[in-house]
Amino acid sequence: MKLIVVKDYEEMSCRAARIIAAQVLKKSDSVLGLATGSTPIGTYRCLIEFYRKKLLDFRTIKTVNLDEYHGLSQTHPQSFRFFMEENFFQHVNLRTSNIHMPEGKAVDPEQETVRYGKLIDSLGGIDLQMLGIGLNGHIGFNEPDDTFSRTVTCVELTQSTIEAYSRFFENTDDVPRRAYTMGIATIMQAKELLLLASGAEKREIIQQAVYGPITTRVPASVLQLHPNVTVITDESAGALL
Ligand code: F6R
């Protein structure tokens, strides 16, 4: 694991954006694995700036997102698709046909997990996957459990995740109880991983993920086994690293 602790959220975001930008420049048909949540917003902002300065061209880039709420349509303001449109997709020249996410409103969840898993495989796998980390150590929505999930699954969200995500909804009851997520195997198959964390509340969990025992109870700890991971944190989240 390569650890980079920088001053603040802005610097974390720019460092991450530079790594993604290098991937885009290196391989114009790269498959980028993207994340939602508060953590990557600044990274998307930097990437949009690079695009506006004509440093980057996303025309032939493909994207796959880590996860999506079960039951929310793409146009639902709290869906991850909506978030991605607002924070990234609509600001760059990605082709809609190259943007891939689980379909929250799919009629058959089981079939949707198979479709999305096959789709990622058909793209030749993920070149660079960006990840945030949940307060309980989740990556994607791979929650602490007795086993690591393999490919794409539709999971029950834990109470801690529901509470963490209630900030995006009017009240906790509105947070979907299930979500589609790439499995741990899907994430581990990515050629390169970029884990970001900021803020003091992530301090303990990022320490456990990086230095603690590898355990299904802290899903992010599995990243210690990946040969090409960069962890970037701000000073607050990285204080124990
Ligand atoms: C989001 C995702 C989640 C988040 C994690 C941290 O697509 O996969 O694992 O990265 O919940 O969320 P924030 O960044 O809001 O703290």
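Buried means under 20% relative accessible area and exposed over 50%, with partly exposed in between. The structure discussed here is a predicted model, and the report considers its charged pairs, one helix packing and two individual residues.

## Salt bridges

The count of salt bridges comes to ten. Three of them are listed below.

| Pair | Closest N to O distance |
|---|---|
| R45 and E10 | 3.3 Å |
| E112 and R115 | 2.7 Å |
| R178 and E156 | 3.8 Å |

The side chains of R178 and E156 form a salt bridge with a closest N to O separation of 3.8 Å. This pair links distant parts of the chain, since R178 belongs to strand β8 (residues 178–181) and E156 to strand β7 (residues 153–156), 22 residues apart. R178 has a relative accessibility of 29% and therefore counts as partly exposed. E156, with a relative accessible area of 55%, is exposed.

A salt bridge also joins R45 to E10, at 3.3 Å from N to O. Here too distant parts of the chain are linked: R45 is in helix α2 (residues 41–52) and E10 in helix α1 (residues 9–26), with their positions 35 residues apart in sequence. Relative accessibility is 45% for R45, which is thus partly exposed. For E10 the value is 39%, and this residue is likewise classed as partly exposed.

The bridge between E112 and R115 has its closest N and O atoms 2.7 Å apart. Both residues lie in helix α4 (residues 109–122), three residues apart, or about one turn of the helix. E112 is buried, because its relative accessible area is 6%, whereas R115 is partly exposed at 36% relative accessibility.

## A buried glutamate without a salt bridge

E192 is located in strand β9 (residues 192–197). The residue is buried yet has no salt bridge. The nearest side chain of opposite charge is that of K26, at 4.7 Å; a salt bridge requires a side-chain nitrogen of Lys or Arg within 4 Å of a carboxyl oxygen of Asp or Glu, so this pair does not qualify. Beyond neighbours within four places in sequence, the contacts of E192 are I19, Q23, D127, L128, Q129, H226 and N228.

## Packing of α2 and α3

Two packed helices are described by the angle between their axes and the distance between the axes. For α2 and helix α3 (residues 80–87), the angle is about 40° and the axes are 10 Å apart. The two helices are therefore oblique to each other. In this contact, I41, Y44 and I48 of α2 meet F83, M84 and N87 of α3. The contact residues comprise five nonpolar, one polar and no charged.

## F88

F88 is placed in the loop between α3 and β5 (99–100). At 1% relative accessibility, F88 counts as buried. Leaving out residues up to four places away in sequence, F88 touches L34, Y44, L47, I48, F58 and L94. Among these partners, Y44 and I48 also take part in the contact of α2 with α3. The C-alpha atoms of F88 and G132 are 16 Å apart in space, while the two residues are 44 residues apart in sequence.

Key: Residues are numbered from 1 along each chain as its sequence is written. This is a predicted model: local features need pLDDT of at least 70, side-chain atom pairs count only at pLDDT 80 or more; totals for chains, interfaces and linings use all residues. Side-chain values use heavy atoms; hydrogens and water are left out. Helices (H or I, at least four residues) and strands (E, at least two) are DSSP runs, numbered from the N terminus. Buried means under 20% relative accessible area, exposed over 50%, partly exposed in between (1.4 Å probe, protein chains only). Lys and Arg count as positive and Asp and Glu as negative; His and the chain ends are not counted. Contact means heavy atoms within 4.5 Å. Axes are lines fitted to C-alpha atoms, for helices over the stretch in contact, and angles run from 0 to 180 degrees between N-to-C directions. Angles under 35 degrees count as roughly parallel, over 145 as roughly antiparallel, 65 to 115 as roughly perpendicular and the rest as oblique. Ala, Val, Leu, Ile, Met, Phe, Trp, Tyr, Cys and Pro count as nonpolar, Asp, Glu, Lys and Arg as charged, and the others, Gly among them, as polar.
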